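Here is a short report on the packing, the enclosed spaces and the annotated spans of one protein model. Please keep the sequence and the coordinates in view while reading.

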Amino acid sequence: MHRLNDDYEALRKTVEEFARDVVAPVIGDYYERCEFPYGIVRRMGAMGLFGLPIPEEQGGMGGDYFALCLVLEELARVDSSVAITVEAAVSLGAMPLFRFGTAEQRERWLPKLAAGELLGAFGLTEPGGGSDAAGGMRTTARLEDGQWVINGTKAFITNAGTDITGFVGVAAITGTREDGKPEISTILVPAGTPGFTVSKKYSKVGWSASDTRELSFDDCRVPEENLLGTRGRGYAQFLQTLDEGRVAIAALSVGLAQGCVDESLRYVREREAFGHPIGHYQAIQFKIADMEIRTHTARLAYYHAAEKMLAGEPFKREAAIAKLVASNAAMDNAREATQIFGGYGFMNEYPVGRFYRDAKILEIGEGTSEVQRMLIARELGLSSL
Amino acid sequence: MNIVVCVKQVPDTATERKLRSDDKTLDRDAADGVINELCEYAVEEALLLKEAHGGEVTVLTMGPSKATDTIRKALAMGADKAVHLVDDALHGSDALSTSYAMAQTLKTIGFDVVILGSESTDARTGLLAAMLAERLGVPQLTQANKVDIDGTAIAIQRLTDYGHDKVEASLPAVVSVVEKINEPRYPSFKGIMAAKKKPVQTLGIAEAGIDASQVGLAGAWSEVVDFAAAPPRAAGTIVTDQGDGGTGAAEFLASKKFI
């Protein structure tokens, strides 16, 4: 897999051109205005980017998760807001529905999700529960007259408040297990359901052209059949969803890291100091060499994790390593690229300034770097010595 | 409706383009081959016409064997099949002999409407549509920014300096399009994978009914006698406005015969 086959390469190249010709010229303005780029999303939908790992019979492209990762990398080379919009819509919105949903749920939502006409969101994190999502969960859903009655608050939910948001999969406590721990289930709440309130957009450090919301549920009622999959399987569902998502976030991080290399290579040939283009100086050359090393190794890490995932082998360790290595690469490269650009790097009109703002969240979202280390140690048998 | 869209592979405009020193033709090995940008608009228009009126879209490409990449791209966008006219004897053909070879091929494969981009980014003659129509004995509707087909009637709109022309004809016809006509789609992954299974018919000059003496360098009516690199851009002239900036700018433009 380290050498892309013709199909993957053609897809990668197509998205590279799309990102360069369609996204790059306009995304800075969306970012500045903190505006969701509906036109770009529409065109990505027409290209099938939201349906890559979904089978053709269900309205998708019949590709796989690695194809999605390649697309995320190419998009994030140019802009992370657009990339995270696709990542969250597919990995957190469509995939849980595809994997765990009933035939009726899939029929109702999947074709529109795969076409990018509607976006799905996933409500897991809460104001008091991030890394300890299960332990910190306060949102509840109780069955009453054939309806789930949901109460609680979700925080930092991507794609939850756009004009084309279809539903949010809400993880909620639905009872108590035999071992005394909370029973967690996922319930689909369609946009516009009474009692479901979407707050205004957060003011974020980065990812400014993506949609991130706080959600509140106040006696929000949905039919009993909106349960996703089996009652009490919510925890297992999101662990599986997050393992895959980590590979996707690793790919997105590699894209940002590569974008820093691309922009820096261009700039150091043009910018002159002390009589030469700054790329002439070893101080700059070594920075860029290090950026390239980090990007390359992180790419290999996510390719490897994806390869194991597609082969149906355990990939939790590889996914955690890829996510950690890649988000570190993105953060380090963004810092160094900004340094190379000097004062211009601190200006929002240059992409590297945007990369700098967009990089930090990669060490936090889809499992913090600390959680990745915890998972890796646990995979090595060091969980509870 | 049998829609044929002519697609050309050109050297990537982002890379350095060179002519060969031996026969003064384009050095196709020196640069990456990409689909000519205006051809993407032609393919998109062909697909839109198919979606509106039914029928089939056939890609026609004349070019060396590596042009298959470009054919695949057009197929990935959604065209149904392709005909690749490829023959060493075609090397060095000029616009006139190319139009002969393409016209012969079009007569062989048949068409209701032929669509092509109004020019290519390499030779930029912009002549092919008119020459094809003449050789095929059908109407030419060139530089279209809008195409309407109703039964066998075809009408196009052409933007001009003074407004727009409306040109009407009946099928079969040749249409050339400009970039204002549509927004070419990007291939989907499904399209990319499906393209590999679509038929690509390869024709040599004999199969297409082409007389070898009328094509290639020998059959060309024009000849590249010499070429030279473009001179580096000279330093600009700065007109400093001291109350007479307008006059200064006007005098500069007049000296360059712009006004």
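The report below covers domains, cores, one covered helix, cavities and a pocket.

The model is predicted. Local features are therefore limited to residues with a pLDDT of at least 70, whereas totals for chains, interfaces and linings use all residues.

## Annotated spans

Three domain annotations from UniProt apply, each from an unreviewed entry. On chain A, the record places "Acyl-CoA oxidase/dehydrogenase middle" at residues 121-220. That span of chain A is 0% helix and 53% strand. Its end C-alpha atoms lie 17 Å apart.

The record also gives chain A the annotation "Acyl-CoA dehydrogenase/oxidase C-terminal", at residues 232-380. Here the chain is 75% helix and 3% strand. The end C-alpha atoms of residues 232-380 of chain A are 28 Å apart.

On chain B, the record places "Electron transfer flavoprotein alpha/beta-subunit N-terminal" at residues 23-212. Helix takes up 31% of this span and strand 29%. The end C-alpha atoms of residues 23-212 of chain B are 18 Å apart.

## Chain B as a whole

Chain B contains seven helices and twelve strands. Its C-alpha atoms fill a box of roughly 65 × 45 × 40 Å along the principal axes. Of the 259 residues of chain B, 44% count as buried. Take the contacts in chain B with a separation of 6 or more: 73% of them join residues 24 or more positions apart.

## Nonpolar cores

In soluble globular proteins, nonpolar side chains tend to be buried together. The largest nonpolar core in this model has 132 residues. Met44(A), Tyr302(A) and Ile154(B) touch the most other members. Helix 6 of chain A, residues 234-270, gives the largest share of this core, with 13 residues. A second, separate core has 26 residues, including Met62(B), Leu106(B), Val138(B) and Ile205(B).

What does Met44(A) contact, leaving aside its neighbours within four places in sequence? Its partners are Phe18(A), Leu49(A), Phe50(A), Leu75(A), Val82(A) and Val86(A).

## A covered helix

Helix 9 of chain A spans residues 351-359 and is mostly covered. Seven of its nine residues are buried. They are Pro351(A), Val352(A), Gly353(A), Arg354(A), Phe355(A), Asp358(A) and Ala359(A). The cover over these buried residues includes helix 1, helix 3 (65-78), helix 4, helix 6 and helix 8 (316-341) of chain A.

## Cavities and a pocket

Rolling a probe the size of a water molecule over the atoms shows where empty space is left. The structure holds two cavities of 30 Å³ or more. The table sets out their linings and that of the second largest pocket by residue class.

| Space | Nonpolar | Polar | Charged |
|---|---|---|---|
| Largest cavity | five residues | two residues | three residues |
| Second largest cavity | eight residues | three residues | no residues |
| Second largest pocket | 13 residues | eight residues | 19 residues |

The largest cavity holds about 60 Å³ of space. Its lining is made up of Gln9(B), Val10(B), Pro11(B), Leu26(B), Arg28(B), Ala31(B), Asp32(B), Gly33(B), Pro64(B) and Lys66(B). Strand 2 of chain B, residues 9-11, gives the largest share of that lining, three residues.

The second largest cavity holds about 40 Å³. Leu92(A), Gly93(A), Pro96(A), Leu97(A), Ala121(A), Phe122(A), Phe167(A), Gly169(A), Thr186(A), Leu188(A) and Leu228(A) form its lining. Two or more residues each come from helix 4 (80-100), strand 1 (119-123), strand 4 (165-176) and strand 5 (182-190) of chain A. Helix 4 of chain A has the largest share, four residues.

The second largest pocket has a volume of about 1400 Å³. It is lined by 40 residues, and those closest to its centre are Lys13(A), Glu17(A), Val34(B), Ile35(B) and Lys73(B). Which element supplies the largest share of this pocket's lining? Helix 1 of chain A does, with ten residues. Elements that supply at least two residues each include helix 1 (6-33) of chain A, and strand 3 (33-35), helix 1 (37-53), helix 2 (68-77) and helix 5 (189-195) of chain B. Strand 2 of chain B is also among them, and that strand gives the largest share of the lining of the largest cavity.

How values were computed: Residues are numbered from 1 along each chain as its sequence is written. Chains are lettered from A and ligands numbered from 1 in the order in which they are written. This is a predicted model: local features need pLDDT of at least 70, side-chain atom pairs count only at pLDDT 80 or more; totals for chains, interfaces and linings use all residues. Side-chain values use heavy atoms; hydrogens and water are left out. A nonpolar core is a set of buried Ala, Val, Leu, Ile, Met, Phe, Trp, Tyr and Cys residues joined through side-chain atoms within 4.5 Å. Buried means under 20% relative accessible area, exposed over 50%, partly exposed in between (1.4 Å probe, protein chains only). Contact means heavy atoms within 4.5 Å. UniProt positions are given in the numbering used here, feature names are shortened, and annotations may be inferred rather than shown by experiment. On a 1 Å grid over the protein atoms alone, a cavity is a set of points where a 1.4 Å probe fits but cannot get out, and a pocket is an open set with protein on both sides within 12 Å along at least five of seven lines; lining residues have an atom within 4 Å of a point. Grid points are joined across faces, edges and corners, and a volume is the space filled by probe spheres set on the points. Ala, Val, Leu, Ile, Met, Phe, Trp, Tyr, Cys and Pro count as nonpolar, Asp, Glu, Lys and Arg as charged, and the others, Gly among them, as polar.
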